[in-house]
Amino acid sequence: MTDHLLRSLAPISDAGWKLLDDEARERLTPALAARKLIDFSGPHGWTYSASNLGRTSPIAAAPRDGITGAVRRVLPLVEMCAAFEISLAELRDGDRGAVDVDLEPLDHAAHRIAVAENIAVFHGWHGAFAGIEELSPHEAVPLGDAVDDFPSPVAAAVERLLCSGITGPYALALGGEQYRRVVETAEHGGYPLWEHLRKILDGPIVWTPGIKGGVVLSLRGGDFRFESGQDLSLGYDGHDAESVRLYIEESFSFRVATPEAAVVLRV
């Protein structure tokens with residue numbers, strides 16, 4: 001654990017930190033949908049500050065005649081943080097063996113940062129980088145209101161990818177509302193819909209909280225690149241007699257190498 005997280009200064013036992021880390025991992029994993037669908041590199045550490053773009057920009061002036069120069073271009077990593085507070089009394093009860101420790105503030109913070117990461121990857125982060133939806137050159141396919149009709153726009157999206165020379169398998173990232181409707185249809189005897197979508201894609205359907213509508217994208221690799229500096233970690237900010245102030249933090253960059261490898265399904 002890196003020093004800047006200051007965990008050793010917190011009034012939290014080793015068992016308490018394990019409890020918090022385990023809870024954060026359990027809450028983060030299901031919601032970190034973007035990572036299931038794109039290339040993940042790292043973590044490279046907190047001091048890792050930029051991703052190499054493999055490109056240069058010319059420098060107009062040189063130290064002397066007969067010399068040319070160029071600046072290497074990089075994509076800076078962004079830092080993302082979600083703060084929360086936990087009751088010290090609850091953590092002490094956890095040290096005593098309580099199995100019902102109230103970690104709801106941590107649960108909410110974990111969900112917030114996971115959703116924010118999904119939004120950044122799929123819809124972009126203004127001032128930081130462009131997302132998949134912003135860069136896709138394909139015209140968005142209307143998803144429609146009737147969930148039973150979802151196979152048609154999904155098939156249309158797959159066809160557009162094939163026509164662009166983008167091979168599969170493919171995945172379908174669905175926003176929370178659309179995913180819920182597909183699952184509810186399966187629960188009410190519509191299981192063939194789920195299987196129908198999977199057969200069209202030859203890949204998974206992924207719950208992606210935070211995005212609007214859906215995105216069909218290739219899983220062939222090399223098209224979407226997430227570079228992690230520090231992966232999601234818990235850090236200490238301060239405390240008083242009643243509670244301890246903590247945060248979940250990460251640093252990362254995201255870039256789209258092949259914009260043609262995704263088609264947006266518009267609500």
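Trainee: Why is Arg27 called partly exposed?

Mentor: Its relative accessibility is 40%. Buried means under 20%, and exposed means over 50%. The value of 40% lies in between, so Arg27 counts as partly exposed. Keep in mind that this is a predicted model.

Trainee: What makes Glu23 buried?

Mentor: Glu23 has 14% relative accessibility. That is under 20%, so Glu23 counts as buried.

Trainee: How do you know that Glu23 and Arg27 form a salt bridge?

Mentor: Their side chains meet at 3.1 Å, N to O. The cut-off is 4 Å, from a Lys or Arg nitrogen to an Asp or Glu carboxyl oxygen. The distance of 3.1 Å is within 4 Å, so the pair qualifies. Side chains of opposite charge can pair when their charged atoms come close.

Trainee: What separates Glu23 and Arg27 along helix α1?

Mentor: About one helical turn, because they are four residues apart in α1.

Trainee: How many salt bridges does this rule give?

Mentor: The count comes to 14. One of them joins Asp21 and Arg7, at 2.8 Å from N to O. That pair links distant parts of the chain: Asp21 is in helix α1 (residues 14-31), Arg7 is in the segment before α1, and 14 residues separate them.

Trainee: Why do Asp21 and Arg7 get separate labels, partly exposed for Asp21 and buried for Arg7?

Mentor: Take the cut-off of 20%. Asp21 has 21% relative accessibility, so it falls in the partly exposed range. Arg7 has a relative accessible area of 13%, so it is buried.

Trainee: What makes Arg35 and Glu250 a salt bridge?

Mentor: The N to O distance is 3.1 Å, and the limit is 4 Å. Arg35 lies in helix α2 (residues 34-37) and Glu250 in strand β11, so the pair ties together parts that are 215 residues apart in sequence. Arg35 and Glu250 are both buried.

Trainee: Which residues are linked with them in a network of salt bridges?

Mentor: The network holds Arg35, Glu117, Asp231 and Glu250.

Trainee: How do you know that Glu117 is buried?

Mentor: Its relative accessible area is 0%. That is under 20%, so the label holds. Glu117 lies in helix α4 (residues 104-123). Beyond four places in sequence, Glu117 touches Leu32, Arg35, Met80, Phe226, Leu232 and Glu250.

Trainee: How many disulfides does the structure hold?

Mentor: Zero. A disulfide is a covalent bond between the sulfur atoms of two cysteines.

Trainee: What makes Cys163 exposed and Cys81 partly exposed?

Mentor: Cys163 has 66% relative accessibility, which is over 50%, so it counts as exposed. Cys81 has a relative accessible area of 48%, between 20% and 50%, so it is partly exposed.

Trainee: Which face of strand β4 holds Cys81?

Mentor: The uncovered one, with Glu79, Ala83, Glu85 and Ser87. The covered face has Val78, Met80, Ala82, Phe84 and Ile86. In a regular strand the side chains alternate between the two faces of the sheet.

Trainee: How do you know that β4 and β11 pair?

Mentor: There are 10 bridges between them, in the antiparallel sense. Pairing needs at least two, so they pass. Cys81 has Glu249 as its bridge partner in β11.

Trainee: Why are β5 and β7 called edge strands?

Mentor: Start with the open sheet of five strands, in the order β5-β12-β8-β6-β7, with mixed pairing. Strands β5 (141-142) and β7 (205-207) each pair on one side only. Two bridges join β5 to β12 (residues 262-266), and this pair runs parallel. Two bridges meet the minimum of two, so β5 and β12 count as paired. Pro142 stands opposite Arg266 in β12.

Trainee: Which residues have the most contacts inside the largest nonpolar core?

Mentor: Leu20, Ile132 and Val216, in a core of 73 residues. Helix α4 gives the most to this core, with eight residues. Nonpolar side chains tend to be buried together in soluble globular proteins. Beyond four places in sequence, the contacts of Leu20 include Ile12, Ile86, Leu91 and Leu246.

Trainee: How does the span of helix α6 compare with the expected value?

Mentor: Helix α6 (residues 151-163) has 13 residues and reaches 18 Å from its first C-alpha to its last. That is close to the 18 Å expected at 1.5 Å a residue. Its buried residues include Pro151, Val154 and Leu161. Just after α6, Gly165 takes a positive phi of about 80°.

How values were computed. Residues are numbered from 1 along each chain as its sequence is written. This is a predicted model: local features need pLDDT of at least 70, side-chain atom pairs count only at pLDDT 80 or more; totals for chains, interfaces and linings use all residues. Side-chain values use heavy atoms; hydrogens and water are left out. A disulfide is a pair of cysteine sulfur atoms within 2.5 Å. Buried means under 20% relative accessible area, exposed over 50%, partly exposed in between (1.4 Å probe, protein chains only). Contact means heavy atoms within 4.5 Å. A nonpolar core is a set of buried Ala, Val, Leu, Ile, Met, Phe, Trp, Tyr and Cys residues joined through side-chain atoms within 4.5 Å. The expected span of a helix is 1.5 Å times one less than its number of residues.
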